Amino acid sequence: MTTLFEARGIVKRFGGLVAIHKVDYALERGISSIIGPNGAGKTTLFNVFTGLYEPDEGEVTFRGRSLVGLRPDQITALGVCRTFQNIRLFANMTAIENVLVGMHARVRLGVWDALTHRPRFRAVEHGLWQRGSELLERVGLRPKANEVARNLPYGDQRRLELARALASEPALLLLDEPTAGMTQGEAGHLMGLLRGLVADLGLAILLIEHNMRVVMEVSDRVTVLDHGEKIAEGRPREVQGDTRVIEAYLGRRSSNRGPRAAP
C-alpha cells in the first residue's frame, strides 16, 4: 500500500551550512507535529516538502508521485497545501474573497467562459460562492464573510487562512505555527477544529508548533528536530520523556555543537 506522504534522506544546504541532514519522514493519517528548538530546521523542512526549496539530496513523494522539482502551485493541485508562520492573507479583500482565491487550483473554467458569462460560468460561480460560505461556516467565520481581512481580529485571520487552505481541497494540510499569537482559548478552539477536519474530511495534518500544550493534546505522533537532524519520533508522551529531546530544549546539546558544516 502506498504511503500518503513520504520523504527519504532529505538534505538541504545553504552555502556551507547543512540545514537538514538525512531526514526521513512518513505520514499516512491523523495529526502529526514537528517540533524542535529555534533553528532546528523545521520550516526549512516544510519548504522542501511543499516545493519552495528543492532538496540537495533525497526524495519527497505524495501518493507515490515525486514532488521534487514541482512548483508549489503544482504540489497544491495534487492535494498538498500549507499555511505560513506569518499571516499571508489578501488584506484588502473580504473573508470570502480570500477563500475564493484558494479555490483556483480546482476551478475548471476557460477564458471564454469568463468573458461570455455563459450559463456554465454562472453555475460554477454560484457553486464556488456556496462552497466558500460553507468553509467559512466550518471555521466559525460565516457571519464575517463580507468583512475585509485586515479588519478581522488576529485569531480570526488565522482561521481565515485555514479556510483558504481548505478551499484547495487538500488531502494533506501543513500548518506552520497555526496558534502563534493566539490566546489559550483561541488555541483550544483551533485544536477542536483540527480534530474535526480529520474526523469529518479524512485529512492528514502536519503541524510545526511551539505551543507544547497544543502539540501534546492534538498530536497522534511527534517528530523532533535538532540542528537539522531527527532525534526522536513517537507518541507525544514518549517523545516528551526522551532524554535527547529534554537535552535539546534545555540547550545541553547546543552548548557543545554548532551548525553542521557542508562537506
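In this predicted model, helix α6, which spans residues 154-166, supplies the largest share of the lining of the largest cavity, namely 4 residues. The complete lining is made up of T83, R158, R159, E161, L162, L175, P178, M182 and L190, and these residues divide into 5 nonpolar, 1 polar and 3 charged. The space in this cavity comes to about 80 Å³, and the count of cavities of 30 Å³ or more is 1.

Open space was examined as well as enclosed space, and the largest pocket holds about 440 Å³. Of the 20 residues that line this pocket, T76, C81, R82, F84 and R164 are the closest to its centre. Two or more lining residues are given by each of α2 (72-78), β6 (80-82) and α6, and it is α2 that gives the most, with 4 residues. By residue class, the lining of the largest pocket divides into 9 nonpolar, 6 polar and 5 charged residues.

The packing of nonpolar residues was considered next. In soluble globular proteins, nonpolar side chains tend to be buried together. The largest nonpolar core of the model contains 35 residues, of which V99, L136, L160, L162, L173, L194 and I205 touch the most other members. At least two residues of this core are supplied by each of α3 (95-101), α5 (119-138), α6, β7 (172-176), α7 (184-201), β8 (204-208) and α8 (212-218), and the largest share, 6 residues, comes from α7. A second core, separate from this one, has 27 residues, including A7, I10, L174 and A204.

The surroundings of V99 illustrate the packing within the largest core. When residues up to four places away in sequence are not counted, V99 touches G132, L135, L136, L160, A163, R164 and A167. Among these contacts of V99 are L136 and L160, which also belong to the group of core residues that touch the most other members. Another contact of V99 is R164, a residue that is also listed among the closest to the centre of the largest pocket. L162, for its part, is both a lining residue of the largest cavity and one of the core residues that touch the most other members.

Finally, the strands β2, β1, β4 and β5 form, in that order, an open sheet of 4 strands with antiparallel pairing. Its edge strands, each of which pairs on one side only, are β2 (17-27) and β5 (65-66). The pairing of β5 with β4 (residues 57-62) is antiparallel and extends over 2 bridges, and S66 in β5 is the bridge partner of T61.

Notes. Residues are numbered from 1 along each chain as its sequence is written. This is a predicted model: local features need pLDDT of at least 70, side-chain atom pairs count only at pLDDT 80 or more; totals for chains, interfaces and linings use all residues. Side-chain values use heavy atoms; hydrogens and water are left out. On a 1 Å grid over the protein atoms alone, a cavity is a set of points where a 1.4 Å probe fits but cannot get out, and a pocket is an open set with protein on both sides within 12 Å along at least five of seven lines; lining residues have an atom within 4 Å of a point. Grid points are joined across faces, edges and corners, and a volume is the space filled by probe spheres set on the points. Ala, Val, Leu, Ile, Met, Phe, Trp, Tyr, Cys and Pro count as nonpolar, Asp, Glu, Lys and Arg as charged, and the others, Gly among them, as polar. A nonpolar core is a set of buried Ala, Val, Leu, Ile, Met, Phe, Trp, Tyr and Cys residues joined through side-chain atoms within 4.5 Å. Buried means under 20% relative accessible area, exposed over 50%, partly exposed in between (1.4 Å probe, protein chains only). Contact means heavy atoms within 4.5 Å. Two strands pair if DSSP finds at least two bridges between them.
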